[in-house]
Amino acid sequence: MHLSDVKKFIRCEKLYQNSLVSDTNVIPFLNIHIDVCESIKAKLQIENYQVGLPNQTNSDTQDLLQKTNWLFRARFEYNELRVKIPLVHKNQDQLDLYFISYSISENLDESINILFCEYVLQHLGYKIGEIYLLYLNKSYVRNDDLDHDQLWILTDKFTKKNKRIKDYVNDCTINPEQILEKMANISNADIIVERSSKCSGRNRCQYYLNCFPEMEVKQDNSILTLVNSNKKEAMYQSGIKYLKDIDLDKFEGNRIQYCQVMADKNGGLFFDKLALKQWMDRIKFPLAFIDFEWDLYAIPPFKQMKPFDVLLFQYSLHIYDGNKLKHYGYISQGDCREEIARLLVEQIPDDATVLAYNAVGAEKIRLLELARLFPQYSKKLKNIADNIVDMAVVFTSGIVYDIRMRGNFTLKTIENMIDDQHSYNDLQVNDGMKAVIIHRLMQNSTSEQSDIYHQQLSEYCGLDTYSLYKLYIWLKDILNR
């Protein structure tokens, strides 16, 4: 087993059991585009080192440590637990340990990794010296070349706890021996699962319905679709199955919930006509429907970027003048920020109402970032940002609700609801994370495969902005009823 299994077990024993049967590949959220070993080597001014390889045994690792004082990706195993330590330094008769966190602050979660690595090493007879943590410097701004010394912060202390990392880990109440013994002996029959925020919070567990199949939403108007409710499950268990039958004593009564209940009472759709009209009155022709795709880089790949900055690689733009709909699309690799800025100010009319979905936390931020980077386009980019109208607000503020949304407010949900001819389900790339992965693959693919990826990305992002256009037409039709 690996440390990832231990972390799953500590979070939830049932999560660990489920992952043994049907675990899925984890898509890396962050783009780590450089050889981190080379970066850390430069930071610590290491000259001679070795790098461990997958499936190496304790004996293999020991042989490497005989050849060098510095070993990256050192692999050890004890009690059927395999660990990989980012960097170890043989310092006389002890090993100093270096852990790497792709974070811009001290990551206390790293203490679990350190605790179990320390456990394995101690039982293999190694004496542990100092323990260090390397994490990313949030203030660092890249120039032409990466400054590896400024990029990383090295510490032997959790300053938030005012404690050395080694002391903090040693004071941890988790007993690795007991955890591993329990993992080895546990069976499904031993696990009693009680529903908690860990199960159904914002990032709902992927095995939630495996554990609680009774919570599956089978009807569009199920009481289980009630958003922001702490009491919907209790109502469901008491026999209240539908939104229209809600128990008013257990009804928080916020605007969106009211909208949901009224939609069920009204046959499936509710809209506040006055509020919708006021929102629509803000929209003036020509209309520009826009959507961006970007990747998130832990380590800045280009000049004027900081750790955890995003890099745009695609946009889709539909321009509608009330009669004709025209499409522009752009996909590129490398540093295409200036080209995107230039094309946007050329293609979006100065007086256009710019429509996007969840724009305040996405497209608007990206536009203002481009404006800061490229003064020659700043005025027009800021004007585009000022003209943005966020289409998500219509739904998230309780102006419109259709029970077919089932408590989901994503553009994909609404697109699949209002149009049965064009669907994200028909696409090879049908969500933002898949788009990111395809773009990463595209950068190292053959010309023929790159063309296929390019087409898949075009179809996905293009459907996003075409969906915004259809959503505008749908809302306009609702208002005219």
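At what angle do helix α18 (residues 411–418) and α20 pack, and how far apart are their axes? The close-up views below, taken from a predicted model, begin with this pair and then turn to a further helix crossing, two nonpolar cores and the surroundings of helix α1.

**View 1. Packing of helix α18 against α20.** Helix α18, which spans residues 411–418, packs with α20 at an angle of about 60°, and the axes of the two helices are 10 Å apart. Angles that are neither under 35 degrees, over 145, nor from 65 to 115 count as oblique, and α18 is therefore oblique to α20. The crossing in which α18 passes α20 is left-handed. On the α18 side the contact is made by Leu411, Ile414, Glu415, Met417 and Ile418, which meet Leu463, Asp464, Ser467, Leu468, Lys470, Leu471 and Trp474 of α20. Divided by class, the residues of this contact of α18 with α20 are 8 nonpolar, 1 polar and 3 charged.

**View 2. Crossing of helix α13 with helix α20.** The axes of α13 (residues 273–280) and α20 (residues 447–479) come within 10 Å of each other and cross at roughly 135°, so that α13 and α20 are oblique to each other. This crossing of α13 and α20 is left-handed. Lys273, Leu276, Lys277, Trp279 and Met280 are the residues of α13 that meet α20, where their partners are Tyr472, Leu475, Lys476, Ile478 and Leu479. The contact of α13 with α20 comprises 7 nonpolar and 3 charged residues, with no polar ones.

**View 3. The largest nonpolar core and the surroundings of Trp279.** This core has 50 residues, and those with the most contacts inside it are Leu276, Trp279, Tyr357, Met391, Phe395, Val400 and Leu475. Helix α20 supplies the largest share of the core, namely 12 residues. When residues up to four places away in sequence are not counted, Trp279 touches Leu355, Val389, Asp390, Met391, Val394 and Leu475.

**View 4. A separate nonpolar core.** Apart from the largest core lies another, of 37 residues, which includes Leu3, Leu95, Ile131 and Ile191.

**View 5. Buried residues of helix α1 and the elements they pack against.** In α1, which covers residues 3–11, the residues Leu3, Asp5, Val6, Lys8 and Phe9 are buried. The elements against which the buried residues of α1 pack are α2 (13–22), β3 (81–91), α5 (110–123) and α8 (176–185). Leu3, one of the buried residues of α1, is also among the residues of the core shown in View 4.

Terms used: Residues numbered from 1 in each chain as written. Predicted model: local features only at pLDDT ≥ 70, side-chain atom pairs only at ≥ 80, totals over all residues. Heavy atoms only, no water. Axes fitted to C-alpha atoms, helices over the stretch in contact; angles between N-to-C directions. Helix = DSSP H or I, 4+ residues; strand = E, 2+ residues; numbered from the N terminus. Left-handed = near helix turned anticlockwise from the far one by under 90°. Contact = heavy atoms within 4.5 Å. Nonpolar A, V, L, I, M, F, W, Y, C, P; charged D, E, K, R; others polar. Core = buried A, V, L, I, M, F, W, Y, C linked by side-chain atoms within 4.5 Å. Buried < 20%, exposed > 50% of the residue type's maximum accessible area, 1.4 Å probe, protein only.
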